[in-house]
Structure formats: structure tokens, C-alpha cells
Amino acid sequence: MFAASADAQRGDEAAAAVKLPATTLPFSGYASPEAEAAMAADLRDPQVPPSMTDLPAVRRFWQAYSDRALAKMRRRFDVRTEHRTIGGVGVEVVTPASPDPRRTDRVLINLHGGAFMWGAGSGALVEAVPIAAVARTTVVTVDYRLAPEHRFPAAVEDAVAVYQALLRTYRPEKIGIYGCSAGGALTAEATAMIVQRKLPVPAAIGTLCGTGLPFGGDSAILGQLAMAQPPAPSGVTVDPIPYFSGVTSNNPVAYPGNSKTMLAAFPPTLLLGGSRDFALSAMATMSRRLEQAGVETHLQVFDGMGHAFFMNSDLPESLEAYQVISSFFDRQLSRSANASSRRAKR
């Protein structure tokens, strides 16, 4: 384990707390004019989801949000989608209209976001469509079981089932896994379960706007305030969402970022988010811990951007993020070293 327990730290919490003065935060001078205009529009007409006490309404809200985002993406990116079942799990296979003939031996697996409670359908495709088009590579996005109907480890078991099935067609050094928000956390979980089951690890992973640690730290407060949102709990040891109910912080699959032994078996990892993302503290800490464990790590932070900013394909930052993600996987999956020789170590 990396740090002292949260219980041991709580005694000094009040003494170390800082009362923030009222202030006005200007938009980042490093961000694009399009991002500034989008932020101004959000402030003028905030889209507030329903209370979590009405989960069906929350799911409808985010479904409509994703439908709108996907409609814009389909006008920009030319791809084909097909529903299939792989490893007993429903998936959408996204194929670029003009695949790169040099990349037909590889596949990317996407694990969508949505707090483990929504995000299937268009919510998954908004993560898969732009990457398939920009990378010119097939992306398989997984319709994993959702909470609260299903809890840990249901989603990670579904993700690993798809991975194992794809191993029959693709070499592990030609497979990458990525996801955003809860999907970023699930990507880390799936990698940990792959390690735990002593399967060959994928060539690389991307934990985007979420990772193998609970959301918390400074960004849970500062990132939310910078997006004109109420602050989330900081200093948490487990995520307070139904999927993780009953899971402890020392579970190496649920929270691999708390186990140096587990992290040492991880493949090269991309972590990407915004400076106003409530997940940034978790990602920055995960990046450091991966480096301490000897893992090749790439942390990309877009100033002024909030959580899952690249769902808005109109932003120059989003187009850059798609390129960063695609280039990272292209480099890793093009390496001549045989990653299949990497085996989980416990």
C-alpha cells in the first residue's frame, strides 16, 4: 500500500483546511475561444441533471445528452457500427469507413463512462466513434452490466470476458483498452483483473478522466467550483456510488492504484483530463504511482477543460485529445517488442 490510512490523517484535516475567499475565476487564457464560448453558453443555460433519487430520469437526461453529442460526431466522423455479442457480452463494433490497412491486426476496447449507472448506446459511441475514425482502427465498445442492478465486479467481469474472447483473434500486443470517467476506472479494474487471472496484458491502456483510484483530492472541490458545480467530497477512500457498495479501498481490482504490486504489472498508460476536471487529483496521483512502480506513463492535462470535455467534438481541444489518444495507441501497438511475454506478477 502506498500511504497511511485515511483514518490516520483525519485528525489533522480540520487544522489543515483552508477557507476559500469569494472570488471570480476567469476562463483560462490557454484554452481556445471555442472552449470559452462553450463555457459561457453552459453558464447562461446550465443543463442540470435530475436528482439521483430518480435514476430513470437521470438515465433519460444523459441519454438525450449523448444522443445530441453523437449526432454531431456522426456528421464529422465517417464510421460504421454493428451490434454483436463477444464473449457473451453485447458490444458495438465501430469500424472506420477508411481503415488503415497497416492496422487491421489491432483492436481497441472502449469501456464507456456514466458513473457505472448509464452510458450504454450513444454514450458509449461518443467515446468510440471519434477514436475509430482518427486512429483508423476498429473499436469495440462494451455494453457492460450497470449499477445499481449489478455491482462490482459485474462490469469488470464483462470487460474481461470481451478481452479474453478477442485474444482468440488478436495478439495481446495488438490490443488496447481505454475509457472515460467511470470507464477510465473500469479500464484500470479490467487491467487489474487481467493481471490477477494471469492473462497476457494488453499493449497499452488509457484511463481518461478517471482511473484506478477513488475520485477525491483537491480537484474534487476546486475542479467542481471552477465549473460552477457543487464540490464533491474530498479525501474519500472509496467512491460513494452503488457500483462500489461494500468494496474496501484495499481491493486490488477495484482500486489497483492502492497496490504497488498490482501497478508494477500494468502496461504503458495514458491519463488524460482537464485542469477543471474533478478527477484530476486521482489521475495525477495514479500517474505518480505508476511511475514509482516502473510503468511507462503519459499524463496529458488540458487547461480550462472540465470532466469528459472531449464529448463535445466542436472544441479544438477535443480534436487534439482524439489525436493524442490515437497516437498513443498507435505508438504502443506498433512496437516490435512482444508484449505477450509480459505476465501478471503477484
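This report describes the surroundings of one strand and the salt bridges found in the structure, which is a predicted model.

**Strand S4 and its partners**

Strand S4, spanning residues 139–142, is covered on both of its faces. On one side Val139 and Thr141 are buried, and on the other side Val140 and Val142 are buried as well. Strand S2 (residues 89–96) runs antiparallel to S4 and is joined to S4 by 4 bridges, with valine 93 standing opposite valine 140. Strand S3 (residues 107–111), by contrast, runs parallel to S4, and 4 bridges join this pair; here leucine 108 stands opposite valine 139. The connection from S3 to S4 involves helix H5 (residues 122–135), and S3, H5 and S4 make a right-handed β-α-β unit.

**Salt bridges**

Side chains of opposite charge can pair when their charged atoms come close. A search of the whole structure finds 13 salt bridges, and three of them are set out below with the N to O distance of each pair.

| Acidic residue | Basic residue | N to O distance |
|---|---|---|
| Aspartate 314 | Arginine 76 | 3.8 Å |
| Aspartate 158 | Arginine 145 | 3.0 Å |
| Glutamate 296 | Arginine 335 | 3.0 Å |

In the salt bridge between aspartate 314 and arginine 76, the aspartate lies in the loop between strand S8 (297–302) and helix H11 (316–333) and the arginine in helix H4 (residues 55–76), so that the pair ties together parts that are 238 residues apart in sequence. Aspartate 314 is partly exposed, with a relative accessible area of 41%, and arginine 76 is likewise partly exposed, its relative accessible area being 41%.

For the salt bridge that aspartate 158 forms with arginine 145, the aspartate belongs to helix H6 (residues 154–166) while the arginine lies in the loop between S4 and H6, and the pair therefore ties together parts that are 13 residues apart in sequence. Aspartate 158 counts as buried because its relative accessibility is 10%, under the 20% cut-off, whereas arginine 145, at 32%, counts as partly exposed.

Where arginine 335 and glutamate 296 meet in a salt bridge, the arginine lies in the segment after H11 and the glutamate in the loop between helix H10 (280–292) and S8, so this pair ties together parts that are 39 residues apart in sequence. Arginine 335 is partly exposed, with a relative accessible area of 42%, and glutamate 296 also counts as partly exposed, at 28% relative accessibility.

Beyond these pairs, a network of salt bridges links Asp100, Arg102, Arg103, Arg106 and Asp330.

Conventions: Residues are numbered from 1 along each chain as its sequence is written. This is a predicted model: local features need pLDDT of at least 70, side-chain atom pairs count only at pLDDT 80 or more; totals for chains, interfaces and linings use all residues. Side-chain values use heavy atoms; hydrogens and water are left out. Buried means under 20% relative accessible area, exposed over 50%, partly exposed in between (1.4 Å probe, protein chains only). Helices (H or I, at least four residues) and strands (E, at least two) are DSSP runs, numbered from the N terminus. Two strands pair if DSSP finds at least two bridges between them. A crossover is right-handed if, with the strands pointing away from the viewer, the path from the first strand over the helix to the second runs clockwise. A salt bridge is a side-chain nitrogen of Lys or Arg within 4 Å of a carboxyl oxygen of Asp or Glu.
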